Amino acid sequence: MSKILNIYIPSYNRPEICLDTIRKLIIQIKVYKNVRINVLDNCSKVKYKEYFLDKNDIAEYINQKKIIIKRNNVNIGMSANILRCFEDSCSRDGWLWILSDDDYIK
């Protein structure tokens with residue numbers, strides 16, 4: 001069994017920018033079956049999951065569990081939200097890749 005590449009994107013109050021980054025990563029999900037995108041919403045004013053579910057091109061991947069959005073109950077700060085990527089990845093099989101919500105994906 002091949003390992004999963006878990007791409008983590010910690011984010012706060014930038015759903016539009018995060019959405020743009022996710023759209024650039026969608027090709028990875030289409031080409032490679034062992035890629036999952038995980039977004040950690042740091043208790044933003046706009047709930048990322050609801051925002052992304054309104055976008056048909058992204059909603060299908062959320063429903064397939066290829067994109068997973070988790071939301072903190074309170075804002076835990078930037079560093080702690082990045083640390084949550086490591087904590088969450090420990091419960092998953094595979095590799096961890098952390099991106100900023102505005103990283104340029106080539």
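**Helix α4 and the nonpolar core**

Leu83 has a relative accessibility of 46% and therefore counts as partly exposed, a class that lies between buried (under 20% relative accessible area) and exposed (over 50%), with a 1.4 Å probe and protein chains only. The model is predicted, so that local features need pLDDT of at least 70 and side-chain atom pairs count only at pLDDT 80 or more, whereas totals for chains, interfaces and linings use all residues. Residues are numbered from 1 along each chain as its sequence is written, and side-chain values use heavy atoms, with hydrogens and water left out.

Leu83 belongs to helix α4, residues 78–89, where helices (H or I, at least four residues) and strands (E, at least two) are DSSP runs numbered from the N terminus. Although Leu83 and Pro10 are separated by 73 residues in sequence, their C-alpha atoms are 9.3 Å apart in space. The buried residues of α4 are Asn81, Cys85, Asp88 and Ser89. Viewed down the axis of α4, these buried residues fall within an arc of 95° (taken from the directions from the helix axis to the C-beta atoms), so they line one face of the helix. They pack against β1 (5–11), β2 (35–41), β3 (67–71) and β4 (95–98), contact being heavy atoms within 4.5 Å.

Leaving aside neighbours within four places in sequence, Val39 is in contact with Ile9, Cys18, Ile22, Tyr48, Phe52, Ile68, Ile69 and Lys70.
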